[in-house]
Amino acid sequence: MKKQKVNVIFIALLLAAALVFVVQAAIWGMKEPYVFAFPLFRDIREIPFADYWHVNFIVHDNSPYYGDMSSYPPLVLVFARIFAAFADYTDGYETVYLDGGTGATVSLYLFFLVFAFLYALLIFRILEKKGFSLPVQIAFVVASFFTMGLVYNFERGNYVLYALLPALFFFGYYDSEKAWLRELAYICLGIATGIKLYPALFALILLHERKFFPFFRCVAYSLLSLFVPFFFLDRGLANIHQFIRWLVSFAVWQAEYGYNYSITNFLAIMASFFGGAPLAEADVSVYNVYPYIVVALSLLSGLFANKKYKVFLGASIAMILFPNPSFYYSASFLILTMIAFLAEEKKDAWDIAYMALLVLSVAPVYMGTVDADYSLYVNQFVETIAMILMMFLLVADTLVHRIPPIITKNKNCIKKAA
Amino acid sequence: MFLSRNVKNTLFGICLTGVLLFTGTPVSARADSFSPTVISSAKDLVAFSDAVNRGKTYENETVILANDVDVSGIDFTPIGEFTSPFSFMGVFEGNGHTIEGLTILDKTHTENNGLFGKLGGTVQNLTVKGYVQGNCCGGITSHVVGHAQIMNCAAFVTLEANRGGGIGDNLSTADVISCYSDSTNLGAPALLVSYQAHLVYRCASTSYLTDVAQTTLTEGCIELADGNVDAFFAEVQELLWKDGYGPFRTWKDNAPCGELYENDHTFRGKGTRSSPYLISSVEDFASLRNRVNGGETFRGKHFLQTEDLDFSGIRNIPVALYDTENTFDGTYDGGGHVMKNFKMDSLYHGGRNALFGNLSGIVKNLGMESGSIYGAFASSFAHRAKARKATIVNCYSRLDLQGEVRAAAITDNFTGLVVGCLYLHDTVDFPFTAYNVTTLAFSYHAGEQIILEGTSEFEPIDCYLLSALGEGELNEKLYRNLPAVAETSGVKLSSLYHMTENGFGEKVRLSDYSAAHYLSVYKYELIGVVALVGAAIILALCKDRRKP
């Protein structure tokens, strides 16, 4: 791949943001020894890797939907049983965190080490396949580990890390020359969907490239990964009833303002800042139509985009801004867009704008506190606004690049007919 | 490979280091393990008494008497003196041994003395011989605090007290179970309990048992002037096994010094869904309860009640006592049968009384037809859900419930599922459930309140007070909603029995409900099946024929 200045600048900016993050975190940690309260992380009063311990707890008795109010899809819960087997979660996950012994610690290390190894391996192979040199591969791996999505993901120990891996595999091999690799890529997208639901939107690339049969195969694999795991849980398919109940109630009552990219929360916060109801009394539900607008705009723009990375961008923005609780770790999926951006052969001014906004969307840099009580920090707004701007840019971009050729084509047809 | 070995190793090291920097989870030390105190000499016993009197309560600990101990010649200070603010709150396990030569002196007769001054915990399998002097005295204990228990003990004590009982004096909140006294006070035969007790159960004494007017409950007790103590208590051990107490030491030579009582009862069946353990008698149920209280959870096991069970003459304790780690994690299918004359009124282990103290599994198709449950907290089926998946489905109760602190018809502090249940009684002044039921659906209550107000964030689904229903409406709802009950609880419809206000009917058959009814209730399962079939069809038809 021919060396591009834009790529160099892109990676350099990501590395610079990573460096700033490391320095800020170190200074903050040294400023308040024994109490690591860096604002970019979750409330320090919660235990570290809370999502990891919590998911293991809710699955330890094989009854996550009746035994707990789980809104996770069943595949991730069945997968989590492997890690849950290392410790006794009978008395709750706080007990395991505080006194789980060697088993709990080993499981946590394995959780991160396996991910880190597979993630690095996949990135290396994909970037090599796309013609990038070793220094670029190394730089991107390091830079991507320090994007907001992955940083927050590590802090929470969220299983969405393991949705990123199959999504990456799909990204890297959906267009492979080998039929079995392509099929495996479709299966991986199905697995990613079974873990987190939203990665299904990456199938947009297949529609974009008019690969309709592969698209339907991805749909089929997604359905299998969504429903087959229910059979491995107590009460089988009856769990669907409770899963939907908790999924809906979680989405509705989860009005968390901090560390959250969702468009509904963003609008509620903005309205509150500009004279609306105070945050404690804000009714997030009045903005419930906007996620659907975002999804429609993002997906349609992505579907008709003129470059591959924009397709992934459209899907990523839809999955990040749509859900009511959409915490920082959902930005992990922007990594696919970033790799596709790097691989884009020709870049113009539009791409430079995307590049700047991408960096702003994922930079884990503390920029100031807005309201510590609600865990609102400046970077959250910068990142959310950057993603919204990317969405509008994508819409304008698609309109500019797609409509004139259609008009021109129709004019030519009319002329020919005449 | 595209990377040299050195580069790969370096990169792996970088990744590893990066991950380790993020983790840094401390390896936390294990909590200290439990170490019972063992008493094997007079010196140990005196030290133990001193420790309690200095403030060590031994709460949640067990103190074991390793052998017979002779404290002759020692002016013994009661364990947890009456005037001390501290009491023994643990379990004193006599292990079938004897403390003899007990000598407690009080010439002024102003102190309340006994082996224990004020007992707050449990004493069991112990024999005491000696001499106690004082005001209000007992061989085992003078007074109690909280819900103390004295079980399977014998007292051969010479008392010189203004008021003295072989076992104890003022045991107002204590249960005295399977005890024997052959004691004297001021030269005359001493009472088993000289003033009062909450419960005196299956005891024997050479004298009048207790000042009956002061004692709440007395049952199964006899005077044994020249009777056969060992034979009496041999029978008592078997009865107590049915009640759920013990196992205790068997009796030899008028004292509890034999081997631990064993009952080699076994269940018929294999405990599987197709061949469940069969519960056909009170003994079968007692075996289930005692094994759960002994630590078995029966996780994944199935029990099927095949007969109505009559608990006449049995004073039950809960399956899986509340303040223990024990829980029932299997499936108990009442099989459309009932429990009759079910009585539970002990304050054993805090008196949080219900059929199940802790429940993690499923109880279905069971009726509590008659009887009563009294306690600090009283409810019919379960006090607490030890796991959120605990489910009570298609059950009814007509029990008389009374709670000193609180009563609730079906469950008390139960963070599980209560679906398709019914409470019927003439006078009801308590709610259907008390706290935090995550799923309360399709249930009906004879009282005035479904949930204790302000105690749950979850709204009941389709629950009614009987006073709000018209003639015949209850039975119609019970019939019509049964498929929804099955779906909401995740229990198979074909495993449920039709239930009316008069009890259980036939088991559900597919022909009982229309196809449309099944479609509306099982829509999510149908979606799942359709999705899987659709996926299979798509995979078969939509082959990836295109080259990249």
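User: Which residue in strand 26 of chain B stands opposite B:Phe356?

Analyst: This is a predicted model: local features need pLDDT of at least 70, side-chain atom pairs count only at pLDDT 80 or more, and totals for chains, interfaces and linings use all residues. Residues are numbered from 1 along each chain as its sequence is written, while chains are lettered from A and ligands numbered from 1 in the order in which they are written. Helices (H or I, at least four residues) and strands (E, at least two) are DSSP runs, numbered from the N terminus. In strand 26 of chain B, the residue opposite B:Phe356 is B:Ala382.

User: How many bridges join strand 23 of chain B to strand 26 of chain B?

Analyst: Two strands pair if DSSP finds at least two bridges between them. Strand 23 and strand 26 (residues 382–385) of chain B run parallel. The number of bridges joining them is three.

User: Which strands of chain B stand at the edges, each with a single partner strand?

Analyst: The sheet is open, has four strands with parallel pairing, and follows the order 23-26-30-33 in chain B. The strands at its edges each have a single partner, so one side of each is left without a neighbour in the sheet. These are strand 23 (356–359) and strand 33 (433–435) of chain B.

User: Which residue in strand 38 of chain B is the bridge partner of B:Met499?

Analyst: Strand 37 (residues 497–500) and strand 38 (residues 503–507) of chain B pair in the antiparallel sense over three bridges. A hairpin of two residues joins strand 37 to strand 38 of chain B. The bridge partner of B:Met499 in strand 38 is B:Phe504.

User: What separates the centres of domain 1 of chain B and domain 2 of chain B, taken over C-alpha atoms?

Analyst: Domain bounds come from an automatic or database domain assignment. For chain B, the assignment gives domain 1 (37–243) and domain 2 (277–502). Taken over C-alpha atoms, the separation of their centres is 37 Å.

User: How many residues does the contact take from domain 1 of chain B and from domain 2 of chain B?

Analyst: Two residues are in contact if their C-beta atoms, placed from the backbone, lie within 7 Å. The contact takes from domain 1 of chain B 12 residues and from domain 2 of chain B 14 residues.

User: Which helix of chain A gives the most to the side of chain A that touches chain B?

Analyst: In the contact between the chains, 47 residues of chain A meet 37 residues of chain B. Helix 4 (93–99), helix 5, helix 6, helix 9 (179–196), helix 11 (212–227) and helix 12 (239–253) of chain A each supply at least two residues of that side. With 11 residues, the element of chain A that gives the most is helix 5.

User: At what angle do helix 11 of chain A and helix 8 of chain B pack?

Analyst: A:Leu223 and A:Leu224 are among the residues of helix 11 of chain A that meet residues of helix 8 (residues 523–541) of chain B, B:Ala531 and B:Leu532 among them. Axes are lines fitted to C-alpha atoms, for helices over the stretch in contact, and angles run from 0 to 180 degrees between N-to-C directions. The axes of these two helices are 8 Å apart, and their packing angle is about 145°.

User: Why is helix 5 of chain A called oblique to helix 6 of chain A?

Analyst: Angles under 35 degrees count as roughly parallel, over 145 as roughly antiparallel, 65 to 115 as roughly perpendicular and the rest as oblique. Helix 5 (residues 101–129) and helix 6 (residues 134–145) of chain A have their axes 10 Å apart and pack at an angle of about 140°. That angle makes helix 5 of chain A, relative to helix 6 of chain A, oblique.

User: Is the crossing of helix 1 of chain A and helix 6 of chain A left-handed or right-handed?

Analyst: Helix 1 (residues 5–31) and helix 6 of chain A pack at an angle of about 40°, with their axes 9 Å apart. A crossing is left-handed if the near helix is turned anticlockwise from the far one by less than a right angle, and right-handed if clockwise. The crossing of helix 1 and helix 6 of chain A is left-handed.

User: Where does B:His109 lie in chain B?

Analyst: B:His109 has a positive phi of about 55° although it is not a glycine. Most residues other than glycine have a negative phi. B:His109 lies in the loop between strand 4 (91–104) and strand 5 (116–119) of chain B.
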